[in-house]
Amino acid sequence: MLRRLREILARSGVDLDGEELLDVLWLASNLPGEVAPLARRPAPAASLRQGAEQGGLQGPAQPGLDLAPDAAPRRLFPLHAAPQGKDSSRAQGASHRAYAVRAPGPQMLHSRHLTLGKALRPLRQRIPDRRHEELDVAGTVDAMAETGLPEIVTRPARSRWLSLTLLIDDGVSMVLWKSLASEIRTLMERAGAFRDVRVLGLSTRGAHAPLLSNRPFRQQGPYLPPAALRNPAGSTLVLVVSDGVGDAWWDGRMSEAAALWARRQPTAILQALPARLWANSGITTRPWHVTSVRKGGPTTAWRVTDPTLPTDLVSFDSIPIPVLEPTPASVGAWAQLVASPSATTVLPLWDIGRSITQPQHRTEPRHGPTAEAVLRFRSAASPEAYRLAAHLAAVAPITPPVMRMVQEALGPPTDIGHLVEVFLGGLMHNAATDTSDRLPQMEFFDFSDDARRILLGTLPARELLRTTRLTADRLAASVRQSPSFTAWATHPTGAAEVGAPERSFAQLEGRLLKRLGVAPPIDSPPADQPPRAPKPPEPREQARTQPSGAQQTDSTQAVPRQPPRTTPRKSAKRGAVREPYFFLSYARKDHPGELVKRFYDDLVLELRRTGADPAAQTPFRDVERLGLGDDWARELGDAVGHCRAFVALYSPAYLNSEYCGKEWTAFQNRLREYRRETEIDVPALVPVLWAPMEGELPEEIARFQYHEAGMGQDYVNHGLMHILRTDPTSQAYRAIVERVAARVRIAADRFRLPFTPGLDLGDVRGQFPVPGHRRAAAPGAAHVRVFVAAGTTNALPEGRNRLEYYGRSPLEWTPYYPPKHPTIALRAQRVIAEAGYTSSFEIVDEHLSSRLDETMTNNQTSILLVDPWAVRTPAYRNALADFDAHNRPATVVLVPYDGRDEESGGEEIWQDLSRVFWRNWRRQNDPNDPVFRIRVTRDEFDDRLAVMLTAAQNRLMEMESTTPFRLPAGPLLPPMSGLGIPASAGTPEPAKAPRPPVTEPEEPHH
């Protein structure tokens, strides 16, 4: 089950190992159902107008029709900061569906990362570390020169002199500064100045504060006391990131903890608030002139004086703890002071006594009328903060990253300080009170309805719309950055629910929405209208069933059409028929069905990912040699006559198939009829190059191009089947599927071709076979049949755990990992082709003996590629043991081996192999009998296989030259007259030749 799930995820572009998959399953079982899954960022999808611009997959030019999205009115998609929870009581009107997407958020440090890193350079010092030693080259040379003995001299290795403990205040007010804390942590880890960086949470609220925790913002134990950070050696620097709003900053408890650290080691506070707001926090400061007396060490050793007044008038009678701004100048001055023995600078130091004695400026929540709360906020806050509060109320509920985006969209003079005024002003409350239905680490904040109404009455709608547009522009400018927060994009097929579009903080264009991971829907309703449900099928359509016992012809998988459009079709006649979303036409001859099925499944998945709904049904599959029965012809004709799009897999076999020609011609007739009615060439016939073709195509077929820019040269040269065989997970294959899906969707959703009711393909005169595209020659002596015995990801042999060596089919086995060639089948095919032979590949089964007999009858050679682990599968073991029991001189066996595969290195698996091939085992790796080779490495494979192939061909020719002539079967002739042997009555019995005596071979003479 888990292997199957990993396989499906890998095909979708999500490659997870076992541990990651278990994490995903745990999250899926613990996350609430109301929370939408995050949309995976897809590979760049093909634009809907690429074909029209580049001439690929579009067919002929389309006069009077412009498929470019730019031609249509620009459609905007609302982006919300939060979904509607299950306890949402403020939902007004109908809810809208939405996808959760990851979007890039604003950065706190902006472009200061590089300059801050340079400011930390004074801390990049190294000292001798006596715990580690290194070779002293010069001392060793001198010692050997003096003593003449091979004496080695070592010295203490040099290592960084400081470690860093980063304490992050994780109070409620610090939610605004999560991004800053994360950026500071990344900066310190990349600075190259510290041996190690330890990050702890700092709780400054509650009766037992301050306390330390292992992870910030988790509010989970175990907790440690501040004394746990004391370092007597003074080699650990303590840096506290806080806004100074917690209770412990006001009542002296944090000052005691900071003093405890400062007496032992360098200690500093990085203040998150702007400097103009420091006086309103529990960390009040005053500038002092500071001089260091030693490198590193406790800050209590600093000499502190007033920068202007003499020392006899003003003295510093507290413990010096510097308070820093996150700027290069402030951080650089502090770093120089810590790293130098006699540096001097002016720094703001924490005025501990003033912070404890001054009244607390924090506003306790009051349960009075909302209007009074708004008036109190307006009287205390700045005009910019009040204006910002109105903009935030317009898009709430809101998350801290979106608050920052709205604040930045307003522009100067509004800054982060005004956002702090709003956040701590008493108007906002935490909307995620029930954390059981929210994503981890997700915080939503909202205004009351009355506060929202009052605030919105102060701003014109035009200004709110301008802010929304500026926010969208900032998103578009930063879309190439790494995503950092979650938002919800309105989409008719989303899993979450959001409010009205007027509550969105940005309106995104379709191409920007696609860059965020969600493909915009085609023909979706306006953003201010909820999507309407599709029209249910009529009873006659529901009662329609699939025919049973149908024969198979040359091709077909049809996908039923369930209209993805939100508006039902007006024609009652059309609503009563079954319309396949697309019809897949291909020739089964010499085409592995599993590859076609893989392409079919991937195409359906891509259509669903982009918003279409091609519901699955039993696919039509045809085999050319079975013929076309009357009933099956009508059923197949019904699918061709009503499908929305037609996907044709071009190959030499396809162009020589009579029944593929009938399908192709029948659909082409529908396109011609639509052209006569509308003068529009519908790009609904989508050709795909499945295998390379020879000769020129007729004009009627060549006008439909099967390639376009972006599909890759490998596709043009070798076709899609080659890419599927070699690397089905490559970006080239995904790009082809995306372009074909986009072309199919244009035809299926934008056009309505005329139906051909009662179509019988038996009466259609097809365009094929095409002259010049001959069928493949019948296999003969120049043909090699290759049989593969290997496991799959769904059926690993007993004791085998390495999934990376296998694929969905034994033909996808890759014994050499990482693969130089994607599969062993492809590598063998190249070797056989270089030798001048054609090849075909089959899977070993219970009919192996009869198939090998068939190769002998056809004067062909055969090769067995055997995974040593395959002998632990009963079906393989029985088939290979039966092969070993018979003499087949024109069949060779090759067993690859990868030296990096630890599981295959043990002797037990090779002993199991020897028990199956016990007759041929004595010929293993015999230089004079190269027909049975084991443990063939990656570098040996090509040469060994070429030698074995030549030996098998030579033996086949020897067998042909020594085969005795046999008379044809028939009655015996009567004896000739005149011979001395009398003729007996009745049927004469031929005389038996005497059996020669059995003699032992003579011993060789020496």
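**Helix packing, sheets and backbone geometry**

Helices α11 and α15 are oblique to each other, because the angle between them is neither under 35 degrees (roughly parallel), nor over 145 (roughly antiparallel), nor 65 to 115 (roughly perpendicular). The model is predicted, so that local features need pLDDT of at least 70 and side-chain atom pairs pLDDT 80 or more, while totals for chains, interfaces and linings use all residues. Residues are numbered from 1 along each chain as its sequence is written, and side-chain values use heavy atoms, with hydrogens and water left out.

Helix α11 spans residues 370-380 and helix α15 spans residues 449-456 (helices are DSSP runs of H or I with at least four residues, strands runs of E with at least two, both numbered from the N terminus). The two axes come within 9 Å of each other and cross at roughly 50° (axes are lines fitted to C-alpha atoms, for helices over the stretch in contact, with angles from 0 to 180 degrees between N-to-C directions). The crossing of α11 and α15 is right-handed (the near helix is turned clockwise from the far one by less than a right angle).

A second helix pair is formed by α12, residues 383-395, and α14, residues 416-423. Their axes lie 9 Å apart, and the packing angle is about 70°. Helices α12 and α14 are therefore roughly perpendicular to each other. Where α12 passes α14, the crossing is again described as right-handed.

Two cis peptide bonds occur in the loops around α13. One of them joins A396 to P397, with omega near 5°. P397 belongs to the loop that connects α12 with α13, the latter covering residues 400-410. The other cis bond runs from P412 to P413, and its omega is also near 5°. P413 is placed in the loop between α13 and α14.

Strands β12, β11 and β14 form, in that order, an open sheet of 3 strands with antiparallel pairing (two strands pair if DSSP finds at least two bridges between them). Strands β12 and β14 are the edge strands, each pairing on one side only. On average, neighbouring strands of this sheet are turned by 45° against each other, with direction ignored.

Within this sheet, β11 (residues 285-291) and β14 (residues 344-350) run antiparallel and are joined by 7 bridges. Two residue pairs locate this contact: T291 stands opposite T344 in β14, and V290 has T345 of β14 as its bridge partner. Strand β11 also pairs with β12 (residues 303-305) in the antiparallel sense, over 3 bridges. Here T291 has R303 of β12 as its bridge partner. T291 of β11 thus has a partner in β14, T344, as well as a partner in β12, R303.

Another open sheet has 7 strands, in the order β8-β7-β6-β5-β9-β10-β13, and its pairing is mixed. The edges of the sheet are taken by β8 (223-224) and β13 (323-324). Each of these has a single partner strand, so one side of β8 and one side of β13 are left without a neighbour in the sheet. Further inside the strand order, β6 (residues 197-203) pairs with β7 (residues 211-213). This pairing is antiparallel and extends over 3 bridges. One of the residues of β6, L202, has L212 in β7 as its bridge partner.

A further backbone feature concerns N859. Its phi is near 55°, a positive value in a residue other than glycine. N859 lies in the loop that links helix α29 (848-857) with strand β26 (861-866).
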